Amino acid sequence: MSSHISREDILRELELLPVWRPREPLLNVNALNQLLDVQAEVVPDVTTEILIADNTLQPIKPDGLPAEIALPVMDDADELLSRAEIIQNMDWTALQDCIKDCRACDLAATRTQTVFGVGDLKAEWMFVGGAPNEVEDKRGEPFVGPAGQLLDNMLSAMQLNRGNNVFIANVLKCRLPENCNPQVEEVKQCDPYLKQQVALIKPKVMVALGEFAAQSLLQSDAPIASLRGQVHRYNDVPVIVTFHPADLLRKPEDKSKAWDDLCLAKQTIQLKLRN
Ligand code: URA
């Protein structure tokens with residue numbers, strides 16, 4: 001007997017059939033190509049300092065590692081790089097350490113640990129949620145509860161998984177205390193981290209999961225309904241907006257719309273790879 005499992009078998013097993021069905025392209029290729037005009041890659045400046053745990057600057061060697069004897073640190077506070085500029089020059093190790101020890105906003109006081117993100121550091125797909133919940137705060141990994149299970153199913157339906165060609169991150173790296181909404185200041189302090197994750201991964205497409213992630217990434221206060229169905233930009237990376245998996249669990253009838261969004265993301269990435 002053949003052990004081959006077809007994509008349809010998987011979708012049926014995941015209860016994504018018949019709701020998750022393939023559909024016709026959403027945009028014509030010319031329109032999408034216009035939205036995807038390829039931009040020159042921005043090469044970050046050479047790093048001379050990093051932000052360390054106690055929020056002080058430490059000089060680093062050009063390979064990104066702290067050095068006992070390193071490039072001179074400027075004395076004049078006015079000349080020091082801004083926090084965002086420093087983060088913008090970090091490599092993975094420095095960025096991970098910096099996020100792990102971050103105390104830039106009040107969320108540091110209530111978290112168990114920061115949730116950096118998970119997946120392939122060279123991923124073409126980047127999925128961005130809002131903030132880790134209590135379980136994820138304890139585990140240190142994003143999307144591990146029922147919403148995470150559905151996200152994994154969505155990835156499977158696209159023949160993707162979180163360890164392979166996919167990176168999953170959040171706008172906020174810390175859990176929000178119960179019944180608290182994200183504050184502007186928290187997003188502002190966390191934004192350089194996501195920006196640098198994107199700069200290091202260089203994904204071909206980003207998928208914003210839910211209204212908060214979409215609005216934060218796109219600096220918009222438009223409702224999710226008006227953000228879906230278009231190709232937006234985050235630092236030159238195409239962004240597709242879709243529903244948060246937790247919202248899909250509450251409203252499964254929106255799964256077909258989410259499938260449309262993922263198809264648009266797939267079309268976008270295919271065009272980008274062709275260019
Ligand atoms: N878990 C996450 O990591 N992000 C969300 O947006 C929701 C749950």
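**Exercise 1. Find which helices help to line the second largest pocket, and describe that lining.**

Step 1: H6, helix H8 (211-218) and helix H10 (245-250) each give at least two residues to the lining. Helices here are DSSP runs of H or I with at least four residues, numbered from the N terminus.

Step 2: Keep in mind that this is a predicted model, where local features need pLDDT of at least 70, side-chain atom pairs count only at pLDDT 80 or more, and totals for chains, interfaces and linings use all residues. Residues are numbered from 1 along each chain as its sequence is written, and side-chain values use heavy atoms, with hydrogens and water left out.

Step 3: The pocket holds about 560 Å³ of space. Of its 23 lining residues, Gly130, Ala131, Asn133, His244 and Ala246 are the closest to the centre. A pocket is an open set of points on a 1 Å grid over the protein atoms alone, where a 1.4 Å probe fits, with protein on both sides within 12 Å along at least five of seven lines; lining residues have an atom within 4 Å of a point.

**Exercise 2. Check the length of helix H6 (residues 146-157).**

Step 1: Multiply 1.5 Å by one less than the number of residues. For the 12 residues of H6, that should give a span of 16 Å.

Step 2: Compare this with the end C-alpha atoms, which are 17 Å apart, so the two agree.

**Exercise 3. Identify the ligand's partners in Gly130, Phe143 and Asn170.**

Step 1: Start with the backbone: a polar atom of Gly130 is 2.8 Å from a ligand oxygen, and an N or O atom of Phe143 lies 3.1 Å from a ligand oxygen.

Step 2: Turn to the side chain of Asn170, where an N or O atom is 2.8 Å from a ligand nitrogen.

Key: Points joined across faces, edges and corners; volume = space filled by probe spheres on them. Polar contact = N/O pair within 3.5 Å; in protein donor to acceptor, adjacent residues only side chain to side chain.
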